[in-house]
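Open the model in your viewer and keep a selection prompt at hand. The stops below go from the whole chain down to single residues.

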Amino acid sequence: MRKVLAGFFILSILLAFGTCARKAPPVKPPSSQLETLIQKKKILAKAGDLEGAEEKARQALAMCIAGKGEKHPETITRMIDLAQILSRRKRREEAISLYRRALAFMEKGEPDSDNLPDVLCLLGEELAKNPQDAEEAADVFTRAMRIIRAKSLGMKDSRLLPLFINLARLYNANGQYEEAEPLLSMAAPMLPPAGGENDPQNALYMETLTDYYLGLAKKPGKTEFLLDELEKAESTAGNQSPTIIPILMALADIRIRGKKPGEAEIGRAHV
């Protein structure tokens with residue numbers, strides 16, 4: 001009888017432990033934990049909670065460094081991810097530092113990576129926010145452009161568009177309008193047609209084009225050039241040409257500042 005009771009006692013203990021084991025939550029593997037962090041970061045960033053998104057991005061980066069090493073491609077991706085969040089939070093220096101760190105690892109481990117120009121473009125955009133870094137930003141954009149052109153089919157790579165626009169913006173800011181003009185000309189046919197004026201690239205292009213013409217208007221002797229540009233735009237696309245409004249704004253600026261075109265020119269300019 002004692003043996004039977006002892007057997008029941010042992011069996012009950014085993015069943016209890018088995019029940020506890022079944023109720024315990026499964027332990028996620030590291031890859032699953034990483035994916036969860038990444039998804040949470042995306043949700044928080046989309047909702048505008050950049051502080052929460054940064055926390056998840058940092059946790060994901062730390063997990064990759066601990067599990068894969070600092071130079072692993074996934075770790076580099078997480079560095080870039082965190083840098084983009086920091087950029088949105090206006091923490092420019094931290095973002096630049098992470099972009100440089102990611103680029104250094106990429107250039108040593110994956111010098112032929114197709115993602116290298118994209119990271120260069122991100123670094124260039126961050127540098128361009130400070131006029132003191134404009135020269136370095138131009139060098140970074142130019143390097144990215146050369147890499148893309150060497151690897152792709154000429155002008156067909158869509159990644160060239162933001163590079164053309166960003167370089168033109170830098171040249172405008174420095175008063176180098178002759179250098180900005182060919183870049184804007186190359187960017188124009190690459191603009192996405194479906195987005196219209198609401199598309200971010202189109203909006204940035206129009207802002208840069210307007211700055212280009214307004215900058216030219218401040219230089220002496222540019223009235224005739226602007227009028228010729230207006231006539232050319234009207235003859236090729238009528239009133240639908242996106243360049244007409246920036247040119248008219250430039251001609252109006254000349255008038256406002258007392259550098260009026262002649263009466264015949266005013267008629268041509270519609271101002």
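Select the whole chain: 38% of its 271 residues are buried. The model is a predicted one. Colour the chain by secondary structure, and 13 helices and zero strands appear. The order along the sequence is therefore a plain run of helices, α-α-α-α-α-α-α-α-α-α-α-α-α. With a surface display, the accessible area comes to about 16000 Å², and 57% of that belongs to carbon and sulfur atoms. Of the contacts with a separation of 6 or more, 55% join residues 24 or more positions apart.

Next, colour by pLDDT. The mean for the chain is 82, and 79% of the residues reach 70 or more. Select residues 3-11: here the pLDDT is below 50, and the stretch has zero contacts in the model beyond near neighbours in sequence. Residues 13-28 also stay under 50, and for them the model has two contacts beyond four places in sequence. Then go to helix α13, residues 263-269, whose mean pLDDT of 44 is the lowest among the elements of the chain. Where pLDDT is low, the predicted coordinates should not be read in detail.

At the other end of that scale is α4, with the highest mean pLDDT among the elements, 95. Select residues 73-88 to display this helix of 16 residues. From first C-alpha to last, α4 reaches 23 Å, close to the 22 Å expected at 1.5 Å a residue. Which residues of α4 are buried? They are Thr75, Ile76, Arg78, Met79, Ile80, Asp81, Leu82, Ala83, Ile85, Leu86 and Ser87. After the helix comes Lys90, which has a positive phi, near 65°.

Keep α4 on screen and add helix α3, residues 50-68, where Glu54 is found. Is Glu54 buried or exposed? Glu54 has a relative accessibility of 7%, so it counts as buried, the cut-off being under 20%. Show what surrounds it: leaving aside neighbours within four places in sequence, Glu54 is in contact with Leu82, Ile85, Leu86, Arg89 and Arg91. Of these partners, Leu82, Ile85 and Leu86 are among the buried residues of α4.

Now turn to the nonpolar interior. The largest nonpolar core has 60 residues, and those with the most contacts inside it are Leu163, Tyr212, Tyr213 and Leu226. Centre the view on Leu226. Beyond four places in sequence, Leu226 is in contact with Tyr213, Ala217, Ile247, Ala250, Leu251 and Ile254. A second, separate core has five residues, including Leu37, Ile38, Ala60 and Cys64.

Stay on Cys64, which is buried because its relative accessible area is 1%. Then select Cys121, also buried, with a relative accessible area of 10%. How many disulfides does a search of the whole structure find? The search finds zero.

The last stop is helix α8, residues 160-173, which holds Asn166. With a relative accessible area of 10%, Asn166 is buried. Display its surroundings: not counting residues up to four places away in sequence, Asn166 touches Glu125 and Phe141.

Methods: Residues numbered from 1 in each chain as written. Predicted model: local features only at pLDDT ≥ 70, side-chain atom pairs only at ≥ 80, totals over all residues. Heavy atoms only, no water. Helix = DSSP H or I, 4+ residues; strand = E, 2+ residues; numbered from the N terminus. Buried < 20%, exposed > 50% of the residue type's maximum accessible area, 1.4 Å probe, protein only. Contact = heavy atoms within 4.5 Å. Expected span 1.5 Å × (residues − 1). Disulfide = S-S within 2.5 Å. Areas by Shrake-Rupley, 256 points an atom, 1.4 Å probe, with all protein chains shown as cover. pLDDT = per-residue confidence, 0-100. Core = buried A, V, L, I, M, F, W, Y, C linked by side-chain atoms within 4.5 Å.
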